[in-house]
Number of protein chains: 2
Amino acid sequence: MHWPTGLSRSWISLAIGGAFAVGALACSGGKSAPRGGAQSALLEAMKARKLSEADVQAALKTYTPTGRMDEYLTFASGGHSGQVIVIGVPSMRILKYIGVFTPEPWQGYGFDEQTKGVLAGGRRAGHDITWADTHHPALSETAGDYDGQYLFIGDKANPRLAVIDLADFTTKQIVTTELIGSDHGAAFVTPNTDYIVETTQYPVPFGGGYADPAKEYKEKYRGAAVFWKFDRKKGRIDPAASFAVEFPPYTQDLADAGKLVSDGYAFFNSINTELAWGGNQEGQPSMESSYSKSDMDYLHIVNWKKAEELVAAGKAETIAGMKVLRLEVSAAEGVLTFVPEPKSPHGVDVSPDGEDIVVGGKLDTHGTVYSIAKIKALIAAGKFESKDPYGVPVLPFKEAIRGQVELGLGPLHTQFDNQGNAYTSLFLETVVAKWSLKDLKVLDKLPTHYNIGHLVAAEGDTVSPDGGYLIAMNKWALDRFNKVGPLLPQNFQLVDLSKPKMSLLYDMPIPLGEPHYAQMIKADKLKPVDVYKPGEDPITGEKSPEMVEANKERVERKADGVHVYMTAVRSHFTPDIIRVKEGDTVKLHIDNIEQAYDATHGFAINSYNINISIEPGEHSDVTFVADKAGVFPMYCTEFCSALHLEMAGYLLVEPK
Amino acid sequence: MHWPTGLSRSWISLAIGGAFAVGALACSGGKSAPRGGAQSALLEAMKARKLSEADVQAALKTYTPTGRMDEYLTFASGGHSGQVIVIGVPSMRILKYIGVFTPEPWQGYGFDEQTKGVLAGGRRAGHDITWADTHHPALSETAGDYDGQYLFIGDKANPRLAVIDLADFTTKQIVTTELIGSDHGAAFVTPNTDYIVETTQYPVPFGGGYADPAKEYKEKYRGAAVFWKFDRKKGRIDPAASFAVEFPPYTQDLADAGKLVSDGYAFFNSINTELAWGGNQEGQPSMESSYSKSDMDYLHIVNWKKAEELVAAGKAETIAGMKVLRLEVSAAEGVLTFVPEPKSPHGVDVSPDGEDIVVGGKLDTHGTVYSIAKIKALIAAGKFESKDPYGVPVLPFKEAIRGQVELGLGPLHTQFDNQGNAYTSLFLETVVAKWSLKDLKVLDKLPTHYNIGHLVAAEGDTVSPDGGYLIAMNKWALDRFNKVGPLLPQNFQLVDLSKPKMSLLYDMPIPLGEPHYAQMIKADKLKPVDVYKPGEDPITGEKSPEMVEANKERVERKADGVHVYMTAVRSHFTPDIIRVKEGDTVKLHIDNIEQAYDATHGFAINSYNINISIEPGEHSDVTFVADKAGVFPMYCTEFCSALHLEMAGYLLVEPK
């Protein structure tokens, strides 16, 4: 009899009812008892699929039967897909891709006037931008805990910030400022979501314009932290009430807001105090070597509550439409303070109690743990060791830290559990390191496959982490999945945190997008709506002035075009024939007049690039010019009923 | 002690080692033996997650440990996402979304000159089309069996056909013809992939142009089956060698090619012999009622080998650039024959042996099984019962069928296993019906959740189905998953076919797109490449004439613009500074000069909407006009190494 590898004796016994046989044999004189059907079925399944004991344990911890809900939802950035990915935990099933910065036709996102308007908010340098490099999602918080209301996410490339309403899982707003030319430490929120913070990565001439970095990098290039004010009642960012804090061009990296004892502060890494700008065909080294010349960079400590006061007191200067606290002001008024941090750090993460600020060394083997108590005391005492070339006071490194923990190669990001442990991703070592926050001692390491970037634990960056689960967000997949050509999925690995030793539960390919960061929220905190209110415009949240009710469908020729007031219901559109003349501007107003959950309709017009998704109750507007004469089928694109194919009609464009 | 529901006695015994205890108790006088740690761990896991015996069985049949490959890959259409979804079976993990008709920035699809060129092939009516309603994927076949080389898929809306090369899982070609205005029975292939067939759904004036359906529907509106010639050596459709067969405006629906004994024939359903066209505000009923007035529609039987001969013999007429066999010719020459089929049928599927043509009744409770032997005999004998109004001969229904099977409410699509069974989806009853093809008897029914559309079995539409697995592609999800707002995922349910009774294994949400059809292929038939050859243009498959080698990076100002010859390697671009003048046309030629598997780089220029993905070996070209002066960071968007953030530079656009 051949046993699958990895089965321990007790499991073999268990699987075949061997224990029974042994027990029975002992008192029956060697006559084997019959085995139960279920027992041999289990054995067969294990053998057939070569499952080890650990595999079976993992299978039972992740398998989620039909109709069973997941315990957590994970919101992951989609990287340069420009979308957000919603993943159930522990099943690791993807529940939704949310269109954020990239038009997405299944959701009709970017195809109707409503969502075109959202995307238009993200135009940069006179260009429509049809993608984004989404990096760090941030759930809205109340008192430092996820409240399940909103999700924010930054676009590193363009740079922009999006607001997603978790009432309907759709993007409501995109904002940008020409003050800056990229971001990375975005989005993160202050503990009550007063502000959503967006921090630059690659510096550009502050507020736009041209400057040659070979000549004016130090003088003209700048970074900044933009504090976007969030109006929770409206569910929108208020650009007019937002402000920025100017930074030297040190190439700021990740960032986090203080909480509890560190509330009012925000922390920003930097990786280029060398002031390098590339130029590898101009006699300079590439950034990869020039950025890492110095042994120390600066952790930026921003007292944002003080910044807020100064802005209110009129101490800000308006640049590119944004109120900016200039460097001189921030340095002089105690808004901005530096403390050295080891060699090109990457992640900065504040501990659940707000006491510790953990910095991942990236090119150092340590996690460095700063103490907010010590930082506050040093600032209060005016104990600065120097000033940087821009006049920003610098605290002494050794007096600002509580200690360092020797983690291993390439520490990046840190999350926390409910047992006082921290979990840091080590990119170069490709492991998760579990360590005691109190003792600064490594307790366990778990290999990942491969090249872990961020990691996320259940509510693991809040004031009250849950423990239980962690996802390693691995950058390379290599041999983990069936081959799908030269562009591979990323690999999310679900890790069990419920025992002293971590264990791997599940490998999950990410089929589209390269997630950076993610946040994992208890699922029962989310209360999305099932349907829209009748006539609701999802972007305004109000009944549309163009709402169409049943039996009031009509076509009206007005000065600004032919208005078609249409309803959709299983299984027809009314009207189902639209007659216009070549050259007409056509304005469609369509209501899905159903209120049944999941009774979505689509509406498409062939060859006119028109395609929207209309959820129950939703009102949608589409404007186009009928510039091509002919007959164009229009139909419902969402399989809504047995007579779905019959939910169709024609756009008739009569030639001039 | 509380037991989770659904645990049978034998499983409870198994889980807690109860059998051992019972056995042991019997001879130890009541003293319970200690339980193994693994045993109690299993029990705990089952209890903690309330798993039934069936759940555990299903978990073990689907759980796929780290590094283990899936047995099958399923290629599913993404509906109006315009993409194709690649799913591993039995793990039901999504391995990749392939950009097909919709630009997709993670893949850089639609952002470089190569893929912009592919998408340009799909322009219609003078419009760029940035979405599609992908419906039916078709894997390339050799002798009626999947060969793992290519995948084709139709766009119902616009209507178009795409060619995906499974060597690298990317879209190589999109074709369209203005002959028709929509498709549905697309794509399907003839048994050696000589042709990929695209069949109309909603009729329009043949070849384009305007005609009022209220006056000229019968005369001017037409359907067609387009037989796109596939050049397997080139891996491309050859439009010049393609042809179409004209159909009456009966609103053709699904379609399938004959195989083995029925090779040379193709079969097309129709649902609107009533010649309805809507007009519910013009005194006509909606299509949903007018389409289903008649009891019978026509199954279209096309002898495509004869059609091919006639086209070669010059009997075709060129309309909208396509060679067309007109109705009169097809009717007279025996290319097109009708046979009645019950009430608005939907799916038509040819059995593995090619003998039977199974039609799903949709508004009928039957599956109707036509016999190719009978059809051939009737045609040979000229035994027609009538002609339709367009002169097409009609075979007698009763003499053309082998029988009917009473399936239940709303039969749609049928797949097959290796045991002589057929599986039909019943939309209204929301079940899968298993039935004996030989006996025409229903053997089993399995409820699905909810509203099953298509279904797919392992290689289930080929000459040699595998059995084992089936996926029910359900249109509504309702209460199956955590709520994610008014737009819900679809629900793919994996079904175990290995036993006489079907059983449910897994519920899988589709997070983006509304898949229609899918095909499931044995994974080991696919042999994708790991990396591109150095300098390869993925669309031509050749070394690019603009290939850039290491140390030959340069900038050249030419008549047509500034050419930047750039390389990407971990972790820098060379050059990393691009200096141009406002208004310059810039032509980037970028090579990823790595050959390491998974060493993908991205390349983005902020605020210029430039973003590409460059796989190892790949050459990519990007053209843009530097119409905005300023400084624009450019960087690698794919986390490639520890110094990935440092893989950056600047586009410097000097003002005029």
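Modeller: One definition before we start: two residues are in contact if their C-beta atoms, placed from the backbone, lie within 7 Å. Keep in mind, too, that this is a predicted model.

Colleague: Okay, which residues in α4(A) meet α4(B)?
Modeller: Start with the two helices: in chain A and in chain B, α4 covers residues 53-62. On the chain B side, the residues that take part are Val56(B), Ala59(B) and Leu60(B). Facing them from α4(A) are Val56(A), Ala59(A) and Leu60(A).

Colleague: How many nonpolar residues does that contact have?
Modeller: Let's sort the residues by class. The contact of α4(A) with α4(B) has no charged residues and no polar ones. What it does have is nonpolar residues, and their number is six.

Colleague: And at what angle do the two α4 helices pack?
Modeller: Picture an axis through each helix, with the two axes 9 Å apart. The crossing of α4(A) and α4(B) is right-handed. The packing angle of α4(A) and α4(B) is about 120°.

Colleague: Let's move to the open sheet in chain B. Which strands stand at its edges?
Modeller: Four strands make up this sheet, in the order β3-β2-β1-β33, and the pairing is antiparallel. An edge strand has a single partner, so one of its sides is left without a neighbour in the sheet. In chain B that goes for β3 (94-99) and β33 (518-522).

Colleague: How many bridges join β1 and β2 of chain B?
Modeller: Strands of a sheet pair through backbone hydrogen bonds. Here β1 spans residues 72-77 and β2 spans residues 83-89 of chain B, and they run antiparallel. In this pair, Ser77(B) stands opposite Val84(B). The number of bridges between β1(B) and β2(B) is six.

Colleague: Now for chain A. Is Lys362(A) buried or exposed?
Modeller: First, find Lys362(A) in the loop between β20 (356-360) and β21 (366-371) of chain A. Its phi is positive, near 60°. Now count: Lys362(A) has 25 other C-beta atoms within 10 Å, and the cut-off is 20 or more. So Lys362(A) is buried.

Colleague: What does Lys50(A) count as, then?
Modeller: Lys50(A) is in the loop between α3 (37-48) and α4 of chain A, and its phi is also a positive value, near 50°. Lys50(A) has 13 C-beta neighbours inside 10 Å, while a residue is exposed at 12 or fewer and buried at 20 or more. So Lys50(A) counts as partly exposed.

Colleague: Which residue does a cis peptide bond join to His449(A)?
Modeller: Most peptide bonds are trans. At His449(A), though, omega is about -5°, and the bond is cis. The partner sits in the loop between β28 (441-447) and β29 (452-457) of chain A. That partner is Tyr450(A).

Colleague: What is omega for the bond from Thr574(A) to Pro575(A)?
Modeller: Look in the loop between β36 (572-574) and β37 (577-581) of chain A, where Pro575(A) lies. The bond leading to Pro575(A) from Thr574(A) is cis. Its omega is near -5°.

Colleague: Last one: which strand gives the most to the side of domain 2 of chain A that touches domain 3?
Modeller: The centres of these two domains are 26 Å apart, and the contact takes 29 residues from domain 2 and 32 residues from domain 3. On the domain 2 side, β25 (411-416), β26 (421-426), β28 and β33 (518-522) of chain A each supply at least two residues. The strand that gives the most, with five residues, is β25(A).

Methods:
Residues are numbered from 1 along each chain as its sequence is written. Chains are lettered from A and ligands numbered from 1 in the order in which they are written. This is a predicted model: local features need pLDDT of at least 70, side-chain atom pairs count only at pLDDT 80 or more; totals for chains, interfaces and linings use all residues. Two strands pair if DSSP finds at least two bridges between them. Axes are lines fitted to C-alpha atoms, for helices over the stretch in contact, and angles run from 0 to 180 degrees between N-to-C directions. A crossing is left-handed if the near helix is turned anticlockwise from the far one by less than a right angle, and right-handed if clockwise. Ala, Val, Leu, Ile, Met, Phe, Trp, Tyr, Cys and Pro count as nonpolar, Asp, Glu, Lys and Arg as charged, and the others, Gly among them, as polar. Domain bounds come from an automatic or database domain assignment.
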